[in-house]
Amino acid sequence: MSLEEKYQMLRSLADECIQEDELRNLLAHKPEPIAYDGFEPSGRMHIAQGVMKTINVNKMTSAGCRVKIWIADWFAMLNNKMGGDLKKIETVGRYMIEIWRASGMNLENGKVEFLWSSKEINARSDEYWPRVMDIAQKYTVQRITRCCPAMGRNVEEDLTAAQILYPCMQCGDIFFLQADICQMGMDQRKVNVLAREYCDEIKKKDKPIILSHHMLPGLQQGQEKMSKSDLSSSVFMEDEAAEVNLKIKKAYCPPNVVEGNPCMEYVKYLILPWFNEFIVERSEKNGGNQSFKSFEELAADYESGELHPADLKSALSKALNKILEPVRAHFKNDETAKQLLQSVKKYRVTR
């Protein structure tokens, strides 16, 4: 893959890149950049996290990156996920790894590492905590609370002391993991920007490059993102085919409207990157079968009314089920995975 191809591959997975010239320079001078992503084990995994992360990680490894996936178990505890129960959080983390393994994340080439925050921090605490304390010392509480969207919270909430510590630790993670690239959702942007500001404070020349990917909306009108705690907003990675069909059938999908249409977004960010096409099957009377190779082509047909919402939904359900079938099979046939899912389904999602 040429330098330009690597750049375009990485740039394609993000709505925003800070900064593009730095990304080009990194790829030109470092054969295997380190990319970092992290997640709180906080409940069942929806397609926004499962499918999109698989697509993005595979793109990053294809472009030559080594990917460190930070299993933020301590962070989930600080943020009261699973009621702050670390044993439950660990079970959810193991379940999530099983999802990505079954979904087709490329884990065979040794370029992807899953790292548990508790174990890594304990093993190198003398390196980790001085950095976190330095970050905490250099910024005001007001500046740190601006980062609280990274925890799924807002600045008006009555935050606990643990939730003030959380952004300082997340900022420190980037340096602890020696990350060249922070590849996370737009909701993590403010913490990643804090890390770049901190580089100015400590006179560090090479700042982490931020690749912020799109946040997929929930299934219903006005749901800005899928939520584990709101079952009406999400398609989960191990949902049965009939459940997927029903959820997509009920999803918000106004005719002739592309903007703010979750079904159109799922095609754009999940189906087209996965299959490189979107196939609509319908009778000759209703326009016949059609294969869309680009989102622009699909959007034009949908806005004009050439493509009906019912046909869009039917094709979307079929494509999603094709992606999810290996995951469903894994959780039915693998005893360890089956037990993990049974446990996770019993847990109450907390925030």
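Leucine 272 counts as buried because its relative accessibility is 10%; buried means under 20% relative accessible area, exposed over 50%, and partly exposed in between, with a 1.4 Å probe and protein chains only. This is a predicted model, in which local features need pLDDT of at least 70, side-chain atom pairs count only at pLDDT 80 or more, and totals for chains, interfaces and linings use all residues. Residues are numbered from 1 along each chain as its sequence is written, and side-chain values use heavy atoms, with hydrogens and water left out.

**Around leucine 272**

Leucine 272 sits in helix 12, residues 262–275. Helices here are DSSP runs of H or I with at least four residues, strands are runs of E with at least two, and both are numbered from the N terminus. Setting aside neighbours within four places in sequence, leucine 272 is in contact with Val267, Glu277, Phe278, Phe292, Lys293, Ser294 and Phe295; contact means heavy atoms within 4.5 Å. Serine 294 is 22 residues away along the chain, yet its C-alpha atom is 7.3 Å from that of leucine 272.

**The whole chain**

Zooming out, the chain has 15 helices and 8 strands. How does its radius of gyration fit a compact globule? For 351 residues such a globule would come out near 20 Å, and the chain has 21 Å, so the two agree. That radius is taken over C-alpha atoms, and the globule rule is 2.2 Å times the number of residues to the power 0.38. Along the principal axes, the C-alpha atoms fill a box of roughly 70 × 45 × 40 Å.

Of the 351 residues, 54% count as buried. Among contacts with a separation of 6 or more, 72% come from residues 24 or more positions apart. The exposed area is about 16,000 Å², with carbon and sulfur atoms supplying 48% of it; areas come from the Shrake-Rupley method with a 1.4 Å probe, and for residues only the protein chains shown count as cover.

On the charge side, there are 48 positive and 50 negative charges, and their mean positions are 3 Å apart. Lys and Arg are counted as positive and Asp and Glu as negative, leaving out His and the chain ends. Each charge is placed at NZ of Lys, CZ of Arg, CG of Asp or CD of Glu.

**More buried spots**

Leucine 219 is in the loop between strand 6 and helix 11 (241–250), and it counts as buried because its relative accessibility is 1%. Which residues does leucine 219 touch, not counting those up to four places away in sequence? They are Ser232, Ser233, Ser234, Val235, Lys247, Ile248, Ala251, Tyr252, Pro262 and Tyr266. Tyrosine 266 is 47 residues from leucine 219 along the chain, with 9.7 Å between their C-alpha atoms.

Serine 118 belongs to helix 6, residues 117–123. With 12% relative accessibility, serine 118 counts as buried. Beyond residues up to four places away in sequence, serine 118 touches Asp73 and Trp74. The side chains of serine 118 and aspartate 73 are joined by a polar contact of 2.6 Å. A polar contact is a pair of N or O atoms within 3.5 Å; within protein, one must be able to donate a hydrogen and the other to accept it, and residues adjacent in sequence count only if both atoms are side-chain atoms.

Threonine 61 is in helix 3, residues 47–62, and is buried, with a relative accessible area of 6%. Leaving out residues up to four places away, threonine 61 touches Val67, Asn109, Lys111 and Val112.

**Loops and backbone oddities**

Asparagine 80 is in the loop between helix 4 (73–78) and helix 5 (86–103). Its relative accessibility of 34% makes asparagine 80 partly exposed. Asparagine 80 and isoleucine 69 are 11 residues apart along the chain, and their C-alpha atoms are separated by 21 Å.

Two residues that are not glycine have a positive phi:

| Residue | Phi | Loop | Relative accessibility |
|---|---|---|---|
| Lysine 203 | about 60 degrees | between helix 10 (189–201) and strand 6 (209–213) | 72%, exposed |
| Asparagine 276 | about 65 degrees | between helix 12 and strand 7 (278–280) | 57%, exposed |

There's a cis peptide bond too: it joins isoleucine 18 and glutamine 19, with omega about 0 degrees. Glutamine 19 is in the loop between strand 1 (16–18) and helix 2 (20–29). Most residues other than glycine have a negative phi, and most peptide bonds are trans.
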